Amino acid sequence: MDTNEILVLTVGAILVNNVVLSRILGICPFLGVSKRIETALGMSGAVIFVMTLASFVTALFNRFLVTQTFTINGTEVDLSFTRILLFIVVIAALVQIVEILLKKFSPSLYVSLGIYLPLITTNCAVLGAAELNADASRGLISSTVFGFSTGVGFGLALLLFASIRERLAIARIPKAMEGTAIALVTAGILAMAFMGFSGLVK
Amino acid sequence: MSEEIEKNNIALPEPGSLVLSTSPHVQDGDSIARIMAKVLICLLPAVAASIWFFRFDAVRILVYCASFCIFAEYGWTLATRQAATIGDYSALVTGVILALNLPPGAPWWLCLIGSVFAIIVVKELFGGLGQNPFNPAAAARVALLVGFAGPMTQWAAPATGSLVSGATPLGAIHAVQGSADAMAQLGAPDNLMKLFLGNVGGSIGETSALAILIGGLGLMAFRLIKWQIPLAMIATIFVFTGIVHLAAPGLTPGPLYHILSGGVMIGAFFMATDMVTSPITPLGALVFGGVIGVLTCIIRIWGAYPEGVSFSIVIANALVPLIDRMCYIRPFGWHSHSVSALNIRRGEIK
Amino acid sequence: MNSPIRTWRFHGGVHPADGKALSNSVPAQRAPLLERYTVAIQQNIGAPPKPVVQKGDTVKKGQLIAEPGGFVSAPVHAPTSGTVGDIVEVPGANGGAIPAIEIISDGKDEWGSGLDPIPNWKNTDREILKKRIADAGIVGMGGAAFPTHVKLSPPPEKVIDTLILNGAECEPYLTADHRLMLERTEAVLEGAAIAAKILRVDRVFLGIEENKPDAIAALNEKAGQYGVTVVPLHVRYPQGGEKQLIYALTGRSVATGGLPMDVGCVVQNVGSCAAIRDAVVEGHPLIERYTTVTGTPVANPGTWILRFGTTVEQALTFAGGVKARAAKVIMGGPMMGFAQTSLGVTVTKNSSGILLLQWKETAEYTSNPCIRCGRCVRACPMKLLPGPVSVMVESENYDEAEKNYVMDCMECGVCTFVCPAKRPLVQHFRRAKAEINAKRRAAKAKQA
Amino acid sequence: MLITILVSAGVVAAVGLILGALIGFTAKKFEVQTDPKIEAVQELLPGANCGGCGYAGCADFASAIVTKGADPSGCSACSDAMLAKIAEVTGKAAGKKEKMTAVVFCSGSFSRSARAADYNGILDCRSASIVAGGGGKACRFGCLGYGSCARACPFGAIEIRDGLAVVHPELCRACGKCVNVCPRKLIRLVPASAPIHVYCNSLEKPAKRRKFCKNPCLACKKCIRTDENHMQMQAGLVRVNYSNPPEASFVEQVKCPTGALQVEEIHRKIAALKPVEPAPKAAPAPKKEESK
């Protein structure tokens, strides 16, 4: 795990393979909470937090449970096909626990993040980050770094998008295109522009 | 009184026919259409250069793009039952700039797709002129580059001479990356002169830095663009590539080569400066230009695409609302230095 | 033109076609006596005055007919001798109908103001002079109509070191102040000297735009005796804006929401100065003023000395009516004046001009979108962001507009003048200011 | 094979169980009390967030109903059935309320009123009222016709017909937004049971009223003389006595000389005599342009 690897991981996750604009994951919160910059920032914080944590925990499961082969009664049991199931369960439980703890210990943070935390339970970007980590057989630290960078990439895209949508909110959009329609067009153009970063990380 | 007026034959304005509006009651007479017409005039040198270097190909692409853009906008206003807006020439400006961004071998359908994308998707869907967050021509070029990489790289030699080496000056960089000598050769003065005049391969309108510079100076003279944007963009590219060139001579040629090649000039003067999609304050314009410059260099030097100007402009367009938020200007009288000045004066009085 | 002191250049500004040549060489004429005047009761900013005459009373010229309704208020005097008629409603220059006292002239035009002349003002107590100015009903004659005696009574904690006379007359077309400074040079300067004595200042600047060389020459000849420094300023609208003028002459910028006295300055219009002199030296209250009746449709454009209560219709008749079709009748100048729908509007203390414009000269507003060209930002003398703020107002986002200092807008009209999309920016800002003021009042009422 | 299935199912079940227990444990251990009633009430409220109740939206009002004991009938958009359900949730008696509706007290459409000027500016009543004179109509008290109220109405109950705002009582929920937004203060909430109204708000001299409008109330008091119990003077204006409104046939009985006293349904039709464009949608800003 040297500096170069971290750089490749972060630049790759933030710009080149941006989780939203390149992998098209986590579109629901991307469209749902990008109407105002303040809420977008709150959501970004929540996603970065949960994604880092979830990447770490799922990497643990991956390392010590999923990729292990157990020999029971002489039969080799490979659990790798249960990976996605386990990850979903783990992430959902994690988010629930975090939510309950937040509500108890930091009500103000809960109020500002609270609405988004349940959303993240079903955020495929979190599961996506965990799956990508497992696919690439990353270690614990790399997985955590990747989860964090993916979260930052999500936050960057969300912030950019929210600032544009604030402007779109007062633009004279044709009636038929208002709301999600124009947001998707914007996201498409933004995604195309982000393709310019392709090749930065070989 | 009124009888007296009739007697003296004094005419007075008729109440009821008067116009009621807020002040001011006079205007300086400039209009959107006149602004766009001036932009078109400033585009003329680049158009002339493109026709000089690429002859019939340039004429063909210019005519295609301009007419497709106008038809697209007219068709849209017709379909949505709005007042026709082609009279403000903005569609024509988009068409000409888009044409200048296409390679000489671009087929007619590429022009059609680019024009329709620029006008309908990037501009009209967002509500038309003044509402679009992205520059139509830059976004259309990006879309064509991403979607039709093959036709978008149908380079041809200019009708007047030969290529530097490789299909385009920027393609040449990628071809010889790793060799410091080759990079130094690219940055040789006679090579730079060719780039400056435009006697190289590339999109029809972007090759001649000279022609674009003339038009750009015209834009500044008409005060149609914020001079901060091209300045910051070109300066950033100069500094960034300069440092990289000095640090790793085999990676990239010198800064002048970068500034004169590819879409930097046309991007800096005609696309980044699009008033709708650039920041409104002078400081914001500087930041905006700087962002484009940095992104362009990153994509050019390390990215898979040889050219990054259009990508950078579209990404920086997306940053404009944020830049506008950060780079506000204080109103007159915001700094209360006047009060402290008075305190000094008070001492003088006594 | 050389300036006797260092001057500063304010941000932005524009150079509209000034149209002053129509009327600036015509000497001011005194309007003939009318049979009937309708004198608006409220001609000042602040508390409305209370009428003190009844229907049928006989009054002399200059007699008090409405007393001030508070400290920030100014009395109104009869424009001629005669009898008091009804209290009638006349259209106000800002819209709506305002009450006015009708005075039927007896044709004798006899003075009877009850104010004694104070020719020896140099040795008179400052309070007496101040009271005289209040009694004479003098208000700021540049446009705002703020009572002058209030301006001349700064609170004791404010140190005033500069009196600024506003002779810039940056509004296109208007030449009333120009003619006044040329024809009543000494009255202006003497009035300034009286105001300077009241304020105890010895630094008196008269800011005047360079396009009035004859007035500058006339003023320079006499200015020395009265301790006034005449400062020619660049021709740039809005050079005569209070904050801009202070900045141009002293380099001090009045803080947002602040007053000139915060930076040690008091600004007086030259017309008010001449009125101060008349009130003190002659004992004449303010009953008439220089008003420019101009515009391309007007048959004989020029400056007239009109008594308050003269209607626009009568004033236009003096000027020979119109020779072309007028699309707009404006009280004031083309940049900040108010468009009128009726010719029954009366001349008041702040009516610096009556301007008629033809179709082709008038601004035409559209609802085009803002194309963010930034011309308004470059031109705004208050360094605001007119274009983006107008978009906020359009979407009724007044909080955001307030954060962007829309309350600092002085409605000079520069942004709207340069807007290529022809957006009615000033109207947006007026709307925003009205809504924000209403919100503030509501919040205040809730607190109380 | 079977073992693989069993083991994996077992592992997933075990992980699920452990995590479930963990959640249960934390939920119990770190529990924070909230009132489920608030959510229940909020679901019953219409969710239009019109603000007519005086609170910052339906969620705010719901919490006020539960915690501060606010009266649910403060929501004018709520049907009686809904109010009863809310009362069930909160356990308080349901308040009765009279169905109200907004009425625009003006009949001066563009074709029926005199014009004073060509207005060139923002097509919005509140913006127009700032300009000297305020809009193009000569009457200083009448409807400006630029549709601020129609844009403010969250229920689309106000339509601009030929420069006159007309309320459709069947859509109006009496939230009062239009009342506050009208710069001329023309709109009032009155009991929806009243079938007729005096469609005039002018305090001008009667002679001028006639000059400015085809259907002004001249304050001749003919209607008041006909039946004092049904009609009355309010601040210089003739108004229906809304605590005792007359029947629709009262109009026939009075024969108002100008037609200012009119049956609501007929008034709407008169306003529709010259229908122009459909009412502006609740767009964020007025966008139509006016040419010279």
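Domain bounds here come from an automatic or database domain assignment. This is a predicted model, in which local features need pLDDT of at least 70, side-chain atom pairs count only at pLDDT 80 or more, and totals for chains, interfaces and linings use all residues. Residues are numbered from 1 along each chain as its sequence is written, while chains are lettered from A and ligands numbered from 1 in the order in which they are written.

**Exercise 1. Domains of chains C and D**

Task: Work out which domains chain C and chain D have, and how the two domains of each chain meet.

Solution:
- Step 1. Start with chain C: the assignment gives domain 1 (20–24 + 116–282) and domain 2 (375–447).
- Step 2. Take the centres over C-alpha atoms, and these two domains of chain C sit 30 Å apart.
- Step 3. Now look for contacts (two residues whose C-beta atoms, placed from the backbone, lie within 7 Å). In chain C, 5 residues of domain 1 touch 6 residues of domain 2.
- Step 4. Sort residues by class: Ala, Val, Leu, Ile, Met, Phe, Trp, Tyr, Cys and Pro are nonpolar, Asp, Glu, Lys and Arg are charged, and the others, Gly among them, are polar. The domain 1 side of that contact in chain C has 2 nonpolar, 3 polar and no charged residues.
- Step 5. Over to chain D, where domain 1 is 36–90 and domain 2 is 100–270. The C-alpha centres of these domains of chain D are 32 Å apart.
- Step 6. Here 5 residues of domain 1 of chain D meet 7 residues of domain 2 of chain D. On the domain 1 side in chain D you get 3 nonpolar, 2 polar and no charged residues.

**Exercise 2. Chain C as a whole**

Task: Describe the make-up and dimensions of chain C.

Solution:
- Step 1. Count elements, taken as DSSP runs numbered from the N terminus: helices are H or I with at least four residues, strands are E with at least two. Chain C has 13 helices and 17 strands.
- Step 2. Along the principal axes, the C-alpha atoms of chain C fill a box of roughly 60 × 55 × 45 Å.
- Step 3. Check the radius of gyration (taken over C-alpha atoms; the globule rule is 2.2 Å times the number of residues to the power 0.38). For 448 residues a compact globule would come out near 22 Å, and chain C agrees with its 21 Å.
- Step 4. Call a residue buried if 20 or more other C-beta atoms lie within 10 Å of its own, exposed if 12 or fewer, and partly exposed in between, with C-beta atoms placed from the backbone. On that count, 62% of the 448 residues of chain C are buried.
- Step 5. Take the contacts in chain C between residues at least 6 apart in sequence: 72% of them join residues at least 24 apart.

**Exercise 3. What chain C touches**

Task: Set out the contacts of chain C with chain B and with chain D.

Solution:
- Step 1. With chain B, 72 residues of chain C meet 44 residues of chain B.
- Step 2. Elements of chain C giving two or more residues to that side include α8 (312–318), β15 (328–331) and β17 (353–357). The largest share, 4 residues, comes from α8(C).
- Step 3. By class, the side of chain C that touches chain B has 39 nonpolar, 20 polar and 13 charged residues.
- Step 4. With chain D, the contact takes 21 residues from chain C and 20 residues from chain D.
- Step 5. Two or more residues on the chain C side come from each of β16 (338–340) and α13 (425–447). α13(C) gives the most, with 5 residues.
- Step 6. That side of chain C splits into 6 nonpolar, 10 polar and 5 charged residues.

**Exercise 4. A helix pair across chains**

Task: Find how α4 of chain A and α1 of chain D pack.

Solution:
- Step 1. Fit axes as lines to C-alpha atoms, for helices over the stretch in contact, with angles from 0 to 180 degrees between N-to-C directions. Helix α4 (83–105) of chain A and helix α1 (2–29) of chain D pack at about 5°, with axes 10 Å apart.
- Step 2. Apply the cut-offs: under 35 degrees is roughly parallel, over 145 roughly antiparallel, 65 to 115 roughly perpendicular, and the rest oblique. α4(A) and α1(D) are therefore roughly parallel.
- Step 3. Among the residues in contact are L86(A), V90(A) and I97(A) of α4(A), and V15(D), L19(D) and I23(D) of α1(D). The contact has 14 nonpolar, 3 polar and no charged residues.
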